[in-house]
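Visitor: I am new to this structure. Please take me through one part of it closely, and tell me how far to trust the model.

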Amino acid sequence: MSGKIICPYCYTEQKLKLMKKICISDGCEENTKNTKFSAKESNCPKCGSNLRYACLNPKCGHSIEKDELECKDPLPIAIIGARYSGKSNYIAVAVHELQVKGNRFGIGIRANAATASVYSQEYEAPVFKRQVPITTTRAATKKNKREPLIFMLTTGLNKGKRGTFPLSFYDTAGENMEKSDLDTEEYVGYISYAKGLIILMDPWQIPYVKDRLGGIIPPEAKNAIGLSPYEILERAIRVIRSQTKMKVNDKIKIPIAIAFSKIDSLESGGLLEDGSCLTRPSSHIDEGKYSKLEHDDTNSDIMSMLQYFDEDEAERFLNLTRNNFETYSFFGFSSFGCGLTGGKLSQKVKPRRVLDPFLWLLSINKRIQTTK
């Protein structure tokens, strides 16, 4: 095992030699007391179950599985966004897309023990079996903190250097981003230690879009009083700068993918330009590589779209992004590829561009091939 690991739950780096072990057996007295054992110990002296290493971060302390400890170069990716931006549905569909199409990029994915049943029952079943959207994510509290979904991702299956690492998805409630900076630091502070950040933006909260698509926007989303895309991004910047104690003139090194959801509704509402690349699937999937040409076209079309909605706000949003992040990119996607009829999906799930933000992060971290 390597000398240093990154905890897949809080994303902090720590030295393996300093870590202790804990018992995770339900009902065991040593588990209840959170007793710490030497790393040399293998089994709990009380119940005999296998001990696991525990994260050193006092705000975390989570047990870590053996596979996660053995990975030398993990890739923690955080997903955040406002209410109604579709985070849970995005995660449900993105994981499913990786399971189905990952081999085209030499990628394999499997859930860890704790995640397998949660993903199957709470994410896959509603969307792909019952064909209903996932309801609003429950906000984290001090007594009820949310656990990330953790998958083991293997790259290089087709050719190149093979590597396996834990991939963590936190399905963060929008309320935890919108209440205050302190609330965000408490429950979404892990974003400061991520190696990639996907921030989902709800175009329905843009005044121009809300006015023109009012008839198809559900009342709860239409009447929601929350932060704008600009305010969500601004809060994330403040939290990252505060937690990492950055110098005022330094840019954030975490690559950020800014992804606008529900582009199928923008297309059906006539709010996308004719010929926009956002109206079709991206070429990355067919090529089995991340296409730089497709990447550039997407960025251009997203900026044109935002300028069409509100030129001044688009420029303000772009300036905030490029003034604070070293590496950034814009995306548009649709998790379902269709609207709802009577609370159910109007057709079988046909995602559009869902994997693009994730593939970009893999590409710039040199986990998949990139082509011009």
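Guide: Here is a walk through one helix contact, with confidence and cavities around it.

The model is predicted. Its chain averages a pLDDT of 86. Of the residues, 90% score at least 70. Confidence is lowest in helix H5, residues 174-178, with a mean of 53. Strand E13, residues 328-332, has the highest, at 97.

Now the part itself. Find helix H3 at residues 87-101 and helix H4 at residues 113-129. Their axes come within 9 Å. They cross at roughly 90°. Angles of 65 to 115 degrees count as roughly perpendicular, so H3 is roughly perpendicular to H4.

Which residues make the contact? From H3 come Ser 88, Asn 89, Ile 91, Ala 92, Val 93, Val 95, His 96 and Gln 99. From H4 come Tyr 119, Tyr 123, Glu 124, Val 127 and Phe 128. By class, the residues of this contact are eight nonpolar, four polar and one charged. Glu counts as charged, and Glu 124 of H4 is in the contact.

Next, the empty space. The structure has three cavities of 30 Å³ or more. The largest cavity holds about 60 Å³ of space. Its lining includes Leu 271, Leu 272, Glu 273, Ser 276 and Leu 278. Asp 301, Ser 304, Met 305 and Tyr 308 also line the largest cavity. That lining has five nonpolar, two polar and two charged residues.

Technical notes. Residues numbered from 1 in each chain as written. Predicted model: local features only at pLDDT ≥ 70, side-chain atom pairs only at ≥ 80, totals over all residues. Heavy atoms only, no water. 1 Å grid on protein atoms, 1.4 Å probe; cavity = no way out; pocket = protein on both sides within 12 Å on 5 of 7 lines; lining within 4 Å. Points joined across faces, edges and corners; volume = space filled by probe spheres on them. pLDDT = per-residue confidence, 0-100. Helix = DSSP H or I, 4+ residues; strand = E, 2+ residues; numbered from the N terminus. Axes fitted to C-alpha atoms, helices over the stretch in contact; angles between N-to-C directions. Parallel < 35°, antiparallel > 145°, perpendicular 65-115°, else oblique. Contact = heavy atoms within 4.5 Å.
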